[in-house]
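Subject: Structure handover

Hello,

Here is the structure I promised to pass on. Please have a look before reading my notes below.

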Number of protein chains: 2
Amino acid sequence: MMSSWKDNIRSVVPYTPGEQPNQPHMIKLNTNENPYPPAPEVKSVLDGFDPDKLRLYPDPKAQALVDALAQYYHVGADQVFVGVGSDDVLSIAFLTFFNSDKPIFFPDITYSFYPVWADVYKIPYETKPLGEHFEIHAEDYAAPNGGVIFPNPNAPTSRYEDLSVVEEIIKANRDSVVIVDEAYIDFAGPSALSLVPKYDNLLVVQTFSKSRSMAGMRIGYAIGQPELIKAMNDVHYSINSYTMSRLAIELGVCAVKSEDYFKQCIEKIKATRTWTVEQLKDLGFEFAAEPSANFIFAAHPKYPAEALFTALRKANIYVRYFNTGRISNYLRITVGTDEEMHRLIEFLKTYKN
Amino acid sequence: MMSSWKDNIRSVVPYTPGEQPNQPHMIKLNTNENPYPPAPEVKSVLDGFDPDKLRLYPDPKAQALVDALAQYYHVGADQVFVGVGSDDVLSIAFLTFFNSDKPIFFPDITYSFYPVWADVYKIPYETKPLGEHFEIHAEDYAAPNGGVIFPNPNAPTSRYEDLSVVEEIIKANRDSVVIVDEAYIDFAGPSALSLVPKYDNLLVVQTFSKSRSMAGMRIGYAIGQPELIKAMNDVHYSINSYTMSRLAIELGVCAVKSEDYFKQCIEKIKATRTWTVEQLKDLGFEFAAEPSANFIFAAHPKYPAEALFTALRKANIYVRYFNTGRISNYLRITVGTDEEMHRLIEFLKTYKN
């Protein structure tokens with residue numbers, strides 16, 4: 001007989017993270033990591049860190065990190081929420097704000113974690129199809145809903161929507177919280193942060209994992225008006241009051257302050273992206289939208305993506321492939337160093353189906 | 001007019017963490033931290049850590065840490081779950097296992113986070129009163145329920161229940177998951193880990209924050225049969241797939257392996273506890289149960305705890321005071337170094353109400 005405790009398990013279909021292979025000499029272009037190391041100041045702070053302090057709890061408010069972000073983005077400290085990567089921040093935002101009986105809305109092609117959070121927290125949802133060029137149609141979001149979330153730039157499409165589209169969605173939803181997931185914004189156009197003073201229903205979420213080269217440290221944050229941030233903190237303190245380790249706080253603070261290095265890395269990645277896109281175009285690759293993140297979403301009319309993905313893998317070049325619907329002929333390729341992208345292009349030049 | 005998004009905020013009464021004052025020369029005996037630094041090997045690993053690796057995501061499975069714990073406790077790797085402190089582990093266990101319409105049971109005097117998790121996840125609960133000596137009555141838990149959780153030793157009472165009591169509760173609840181929260185077990189008697197092979201409904205939760213001197217790093221874990229651990233991992237990967245930072249994994253592994261240092265620290269703290277309890281007895285303090293954690297729960301028949309708490313604070317000695325019901329005349333005093341406890345006792349010797 002089955003014990004009945006098994007009937008009470010929350011059953012979920014978990015998110016599948018991109019594989020994290022660890023081969024010597026591999027070219028890892030599959031999880032949108034930054035090819036450059038964290039700021040040199042991070043090394044200095046790490047070297048100077050006194051491990052004896054680890055016996056003590058961290059500051060549950062992570063105030064030093066909150067303050068550094070507030071200063072950097074010119075907002076109040078009561079407008080900043082920090083968490084264990086932007087996934088933690090987004091998960092808490094779902095739990096805090098999406099408690100309506102009406103469905104939340106997000107695009108049909110988007111970050112695959114959204115439906116997973118909706119399922120685990122039992123939030124009804126409805127997806128809105130992207131257009132032919134993977135564009136978001138703002139009018140689709142102008143219907144009664146329990147909340148809205150979309151990434152800008154979107155993943156895995158790498159398409160950036162103009163702020164006017166973002167604002168139209170926020171404006172049409174003054175009775176819902178609208179979350180703009182800006183994990184990749186530093187590689188794209190202006191951020192929705194400029195809209196925060198105007199809209200009390202806007203939450204902007206960003207991360208240290210991409211533009212700040214700190215995926216291994218797990219730091220994400222949200223910025224919004226104080227009422228949103230307070231509600232998130234109340235839920236956060238009801239789940240786990242000490243989430244940010246002493247090291248995450250100290251290394252995070254110095255990464256925020258290393259602004260010059262941060263900007264240089266972004267410019268390098270954008271230049272490499274431009275070069276790679278040109279090369280891919282010469283090879284016949286197509287893009288449904290202009291690549292605007294630290295990854296490129298590309299399809300070749302002659303070479304099926306799945307075969308290309310497998311061939312690249314054999315050549316020790318890891319990219320991401322989603323075998324699903326309208327995007328099943330696309331590859332998502334993280335922008336690495338110039339050398340890595342040269343090797344990718346060299347391989348593709350010799351590739352025959 | 002109020003925007004209706006405010007109606008959909010999850011409203012909670014958040015857990016209040018113990019204050020984290022940071023005064024020079026303070027004696028901090030208020031949050032049950034370990035007075036000794038982490039193992040010396042932690043410093044070596046930290047010194048040798050290459051910060052460039054932080055640009056890459058950590059292993060989402062934290063396999064190195066899971067394996068180190070599995071080896072230490074002689075269980076399979078599929079029997080170990082790791083999280084961001086035991087609060088993260090407990091929170092995920094609540095979400096994973098407590099999905100019945102029946103109430104979960106826990107003691108009326110216990111870790112104050114249990115009702116907070118129940119509230120945030122909308123889990124019905126019922127508390128069971130501890131006895132005169134703060135003992136758990138196993139028979140109280142032999143009624144239909146949606147799950148059971150209790151700490152052993154209990155907090156803030158510092159009372160340890162014999163394994164026979166623990167086993168009686170597990171046995172009476174084969175249709176519920178029973179969580180034994182062993183944050184303080186290393187300072188007390190034998191762990192319920194020995195019961196894991198016998199009971200598929202038992203989950204044992206422990207932490208690096210107390211006996212392993214790593215509160216600042218945020219590492220906790222659970223051990224149970226593989227089916228329980230898989231269910232927790234499925235929920236975990238549905239919330240945040242990369243929770244353990246690269247540093248948490250690497251420093252955690254070496255803390256587990258530093259067994260001799262770990263055992264020495266525990267013996268020192270237990271000896272200091274014995275000395276302190278004797279001194280407190282000489283001063284007329286009373287204990288409803290034998291102190292068995294790295295903290296002492298004591299009351300004085302003549303001196304009200306609140307006044308004592310305030311006086312200690314003025315003397316820069318921080319302890320914890322809970323102004324509630326049956327425990328309102330008790331102080332919870334973390335066991336610090338010998339020198340810290342001497343200073344506490346010296347102060348109490350001169351204390352006049």
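A word on terms first: contact here means heavy atoms within 4.5 Å. By that rule, S100(B) touches N8(A), P124(B) and G146(B), leaving out residues up to four places away in sequence. Please keep in mind that this is a predicted model.

**S100(B)**

Where does S100(B) sit? The residue is in the loop between α3 (85-97) and β3 (104-107) of chain B. Buried or exposed? The cut-off for buried is under 20% relative accessible area. S100(B) has 14%, so S100(B) counts as buried. Its side chain also reaches the backbone nitrogen of K102(B), at 2.9 Å. One of its contacts, N8(A), belongs to chain A, which brings me to the interface.

**The interface**

Chain A puts 80 residues into the contact, and chain B puts in 80 residues. The area buried between the two chains is about 6,700 Å². Carbon and sulfur atoms give 58% of that area. On the chain A side, W5(A), R55(A) and Y57(A) lose the most area to chain B. Together they make up 12% of what that side buries.

Polar pairing is there too. Between chain A and chain B, 38 residue pairs are in polar contact, both residues being at pLDDT 80 or more. Four salt bridges are found across the interface. In one salt bridge, the side chain of K6(A) meets that of E227(B), with N to O at 3.0 Å.

Which helices of chain A take part? Those that each supply at least two residues of the side touching chain B include α1 (40-48), α3 (85-97) and α4 (113-120). Also among them are α6 (226-237) and α7 (246-257). By class, that side of chain A has 41 nonpolar, 21 polar and 18 charged residues.

**Symmetry**

Chain A superposes on chain B by a rotation of 180°, with 0.0 Å of shift along the axis. The RMSD is 0.0 Å. That is the relation of a two-fold axis. In chain A, D47(A) has the C-alpha nearest the axis, 3.3 Å from it. Both copies use the same surface: 100% of the contact residues of chain A recur in chain B.

**Two buried isoleucines**

I219(A) lies in the loop between β7 (202-207) and β8 (220-224) of chain A. Its relative accessible area is 0%, so I219(A) is buried. What does I219(A) touch? Not counting residues up to four places away in sequence, its contacts include L65(A), G83(A), V84(A) and G85(A). T207(A), F208(A), S209(A) and M214(A) are also among them, as are M244(A), A248(A) and G252(A). H25(A) is 194 residues from I219(A) in sequence, and their C-alpha atoms are 28 Å apart.

I185(B) is in the loop between β6 (178-181) and β7 (202-207) of chain B. At 3% relative accessibility, I185(B) is buried as well. Setting aside neighbours within four places in sequence, I185(B) contacts N152(B), P153(B), Y160(B), P190(B), S191(B) and Q206(B). M26(B) is 159 residues from I185(B) in sequence, and the two are 27 Å apart, C-alpha to C-alpha.

Best wishes

Technical notes: Residues are numbered from 1 along each chain as its sequence is written. Chains are lettered from A and ligands numbered from 1 in the order in which they are written. This is a predicted model: local features need pLDDT of at least 70, side-chain atom pairs count only at pLDDT 80 or more; totals for chains, interfaces and linings use all residues. Side-chain values use heavy atoms; hydrogens and water are left out. Helices (H or I, at least four residues) and strands (E, at least two) are DSSP runs, numbered from the N terminus. Buried means under 20% relative accessible area, exposed over 50%, partly exposed in between (1.4 Å probe, protein chains only). A polar contact is a pair of N or O atoms within 3.5 Å; within protein, one must be able to donate a hydrogen and the other to accept it, and residues adjacent in sequence count only if both atoms are side-chain atoms. Buried area is the accessible area (1.4 Å probe) that two parts lose on being put together, summed over both. Ala, Val, Leu, Ile, Met, Phe, Trp, Tyr, Cys and Pro count as nonpolar, Asp, Glu, Lys and Arg as charged, and the others, Gly among them, as polar. Copies are superposed by least squares on the C-alpha atoms of residues with pLDDT of at least 70 in both.
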